[in-house]
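User: Could you take a close look at one part of this model for me? I'd like the helix in the middle of things and whatever surrounds it, walked through in one go.

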Amino acid sequence: MISKIHSVSVNGLDAERVLVEADVLRGMPAYAIVGLGDTAVQESKERVRSAIKNSGCLFPPHRVTINLAPGDVRKSGPSFDLPIALAVLLATGQIEPDRCAETLVVGELSLDGQTRHVNGILPITLFAHQKGFKKLILPAVDALEASLIEGVEILAAENLLQVIRYMQGEDVFVPVNRLRLEDLQKNTSFDVDMSTIKGQEHAKRALEIAAAGGHNILLNGPPGSGKTLLARTFRTILPRLTMDEALEVTKIYSVAGLLAADKPLITERPFRIIHHSASGISIVGGGKVPSPGEISLAHKGALFMDEFPEFPRNVLEIIRQPLEDGEITVSRVQGTTTFPARFTLVAAMNPCPCGFATDPEKECLCPASQVVKYQKKISGPVYDRIDLFVEVPRLAVEKLEVGESGETSADIRERVQNARDIQTKRFAQMGISCNKEMKQKQIKDFCTMAPEAETLLRQATVQMQLSGRSYFRMIKLARTIADLAAAHVIDTAHIAEALQYRKKEGV
């Protein structure tokens with residue numbers, strides 16, 4: 001008898017249906033798995049055999065063939081253990097087929113039949129919902145993550161025996177409580193706050209604009225001026241994730257295996273910090289089985305790159321396209337995988353190798369040619385994709401000692417959230433969430449400028465020799481500044497402030 005159990009394979013962020021077929025024939029004992037499975041899939045033979053025996057059932061002493069269809073799609077990971085075990089039991093008549101229809105099954109098994117966590121539960125549950133499966137059997141430890149998707153009944157299995165009893169007609173599963181994003185976001189707290197940073201009001205304003213519109217920002221200044229602290233505090237003023245965005249980000253972390261068991265939903269925008277010694281693959285993603293890199297893990301959040309010129313030139317050039325398109329395509333022999341990468345770049349750098357080229361108190365010892373060479377480590381096209389260039393000067397001791405505390409992150413975040421809400425309403429049903437992502441059509445439709453503002457921008461474009469890309473980035477930046485002021489029309493003051501953040505010569 002040939003039995004069939006529905007399962008799923010996760011490739012990148014996408015899930016694909018896999019039909020687990022089992023055929024048990026009389027003859028010399030043999031056990032084979034076919035269907036382009038990797039080592040983890042092949043090793044499931046021993047896990048499944050032991051799990052079935054230790055669950056009080058009989059593993060057939062015959063020729064057992066398992067087929068993972070379609071045969072031309074590579075399968076990886078241990079998530080096929082549970083469906084393979086059920087297929088064997090169904091083929092030998094130890095469970096009934098009635099409850100197998102319209103049910104999707106995933107899960108790893110231990111030797112004693114206990115279920116274990118598998119990666120990619122969120123995309124698997126989304127797939128089950130989209131394809132019309134009414135029930136999803138998975139490891140109990142993954143039930144909370146799966147509960148984020150409505151429309152599918154989640155059956156949280158503690159062990160193989162529980163699933164067997166269910167397949168035999170018993171009602172052994174209890175309902176899973178579903179999570180709500182609003183409840184999880186209530187307890188959000190940060191260990192840093194904008195109010196603890198003395199001075200640097202110009203830089204704080206720039207970070208507010210960057211957070212409101214998703215714009216890329218570069219902080220430039222001598223060592224000790226507070227660039228890193230400002231950048232790390234940036235995450236405290238980012239707008240809240242919507243439920244759709246939270247699911248999108250959680251899906252990436254689920255595939256990467258980075259979700260905590262007690263927190264199956266990403267509730268705050270990611271803030272990823274990478275060191276300049278990081279490899280290109282770790283930043284953009286890849287591997288034998290392609291997995292998301294740092295730029296994808298920062299999706300809908302921010303990516304902080306300190307000591308920006310110290311990153312290898314090839315790494316900086318690799319991130320150019322994701323900064324423009326919001327996605328990264330990883331090509332391997334096995335196939336091509338595309339990961340989303342819509343993030344805000346927050347970069348920090350010194351003006352020269354020693355760091356004191358712009359410091360009024362300490363003398364720079366770097367030759368002029370070395371300063372130029374250092375700054376040219378970042379190519380023009382990379383600079384062109386940065387919207388805000390901010391000087392972060394060293395603060396005087398007097399200001400550090402007696403300077404008053406500024407606005408709290410909560411105050412700034414409220415303004416940022418209001419501006420982002422305006423953008424969310426503006427771009428509803430357009431597939432974009434912030435001003436940075438606007439294309440030519442949206443710029444034409446939503447960036448109405450006063451005549452005086454148009455004249456100022458035209459003059460500045462000629463005098464500052466702005467490229468076409470920079471010209472439109474100025475408009476998008478001015479649109480965000482206008483949103484922070486709740487202004488419908490872009491005025492001269494909005495354009496003037498946007499122009500202040502353009503790259504100066506020698507910076």
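Analyst: A quick definition before we start: contact here means heavy atoms within 4.5 Å. Keep in mind too that this is a predicted model.

Let's take helix α6, which spans residues 160-167. Six of its eight residues are buried, so α6 is largely enclosed by the rest of the structure. The buried ones are L160, Q162, V163, I164, Y166 and M167. Since buried means under 20% relative accessible area, that's the cut-off each of those six residues falls below. What does the covering? The elements over the buried residues of α6 include two helices, α2 (44-54) and α3 (81-91), along with the strands β6 (108-109), β8 (135-139) and β9 (153-157).

Now the two ends. At the start of α6, N159 has a side-chain oxygen that reaches to within 3.3 Å of the backbone nitrogen of L161. After the helix comes G169, with a positive phi, near 110 degrees.

Back to the cover, and β8 in particular. This strand is itself largely enclosed by the rest of the structure, because four of its five residues are buried. On one pairing, β8 runs parallel to β5 (residues 103-105), and three bridges join them; here L104 has L136 of β8 as its bridge partner. On another, β8 runs parallel to β9, with five bridges between them, and P139 stands opposite A157 in β9. Both β8 and β9 are among the elements that cover α6, so if you're setting up a closer look at the helix, this pair of strands belongs in the picture.

For a different sort of packing, go to helices α18 (residues 409-426) and α21 (residues 468-484): their axes come within 8 Å and cross at roughly 115 degrees. The crossing is right-handed. On the α18 side, R415, V416, A419, I422, Q423 and R426 take part, and they meet R479, D483 and L484 in α21. Sorted by class, this contact has four nonpolar, one polar and four charged residues.

One last spot is N220, in strand β10 (residues 217-220). N220 is buried, with a relative accessible area of 3%, and its side chain makes a polar contact with the side chain of E391 at 3.0 Å.

Conventions. Residues numbered from 1 in each chain as written. Predicted model: local features only at pLDDT ≥ 70, side-chain atom pairs only at ≥ 80, totals over all residues. Heavy atoms only, no water. Buried < 20%, exposed > 50% of the residue type's maximum accessible area, 1.4 Å probe, protein only. Polar contact = N/O pair within 3.5 Å; in protein donor to acceptor, adjacent residues only side chain to side chain. Axes fitted to C-alpha atoms, helices over the stretch in contact; angles between N-to-C directions. Left-handed = near helix turned anticlockwise from the far one by under 90°. Nonpolar A, V, L, I, M, F, W, Y, C, P; charged D, E, K, R; others polar. Pairing = 2+ DSSP bridges.
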